[in-house]
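Me: Please take a close look at one part of this structure, the sheet and what is attached to its strands. I would like one connected account.

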Amino acid sequence: MADDSRTSNVGGRYAQALFDLATDEKIVAVVEADLQALKRMSADSKDFRTLLASPAFSAEQKAKALSALAAKAKLHATTQKFLGLLAHNGRVSVLMSVVTGFEELAAKARGAIAAQVVTAIPLTAAQTKGVAQALRTALGADPEISTRVDPSILGGIKVQVGSRLFDASLRSKLDSLKFALKRA
């Protein structure tokens, strides 16, 4: 668990550095789009996730692979250089943490709040609009919602805004019930 917070902090520092650079170059939207493309690659490709996480690949191998992927995806030169820096420093494994941190910084700069919504089945447009309205009311700011489907939560919804997590999933309710029954 301590490892996750350390990784998160490292990812946050890299995200802040990239955000500052993108702000100076006035390309925040471009870099954010690049990072979202990398996020989609990670979601769509098990091989990409393996490349990011596996210690079996050297920093050089990861740098070459990321460079080739970035060139093929036509990512901005700043994003490509940043990926090279991550690989050179042996920090490719924190890339998704960097993406999340950058999205939060960019949303904050726009006056919005980034929120990750996880459901067991895809939300309809009306449901997404309802979640956005509820978050707008609760947070007092416009949420930028990214959705993810995770069938393992069985039902319900999980919403994460920054470090706060609202978990109304069926999985967590069943786990709470199981824990309460064990204690009884």
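Reply: The model is predicted. Strand β1, residues 112-119, and strand β3, residues 156-161, run antiparallel and are joined by five bridges. One residue pair to look for is Gln 116 with its bridge partner in β3, Gln 160.

These two strands belong to an open sheet of four, ordered β2-β1-β3-β4, in which the pairing is mixed. Strands β2 (142-149) and β4 (164-169) each have a single partner strand, so one side of each has no neighbour in the sheet. On average, neighbouring strands here are turned by 20° against each other, direction ignored. Helix α6, residues 95-110, packs on the sheet and touches β1 and β2. The direction of α6 makes about 135° with that of β1.

Salt bridges come next. Side chains of opposite charge can pair when their charged atoms come close. Glu 144 and Arg 110 form a salt bridge, 2.4 Å from N to O. The pair links strand β2, which holds Glu 144, to helix α6, which holds Arg 110, across 34 residues. Glu 144 is partly exposed, with a relative accessible area of 30%, and Arg 110 is partly exposed at 44%.

Strand β2 also holds residue 142. The side chain of Asp 142 meets that of Arg 136 in a salt bridge of 2.8 Å, N to O. Asp 142 is partly exposed at 44% relative accessible area, and Arg 136 is partly exposed at 31%. Salt bridges with shared partners join Glu 32, Arg 110 and Glu 144 into one network.

How values were computed: Residues are numbered from 1 along each chain as its sequence is written. This is a predicted model: local features need pLDDT of at least 70, side-chain atom pairs count only at pLDDT 80 or more; totals for chains, interfaces and linings use all residues. Side-chain values use heavy atoms; hydrogens and water are left out. Two strands pair if DSSP finds at least two bridges between them. Axes are lines fitted to C-alpha atoms, for helices over the stretch in contact, and angles run from 0 to 180 degrees between N-to-C directions. Contact means heavy atoms within 4.5 Å. A salt bridge is a side-chain nitrogen of Lys or Arg within 4 Å of a carboxyl oxygen of Asp or Glu. Buried means under 20% relative accessible area, exposed over 50%, partly exposed in between (1.4 Å probe, protein chains only).
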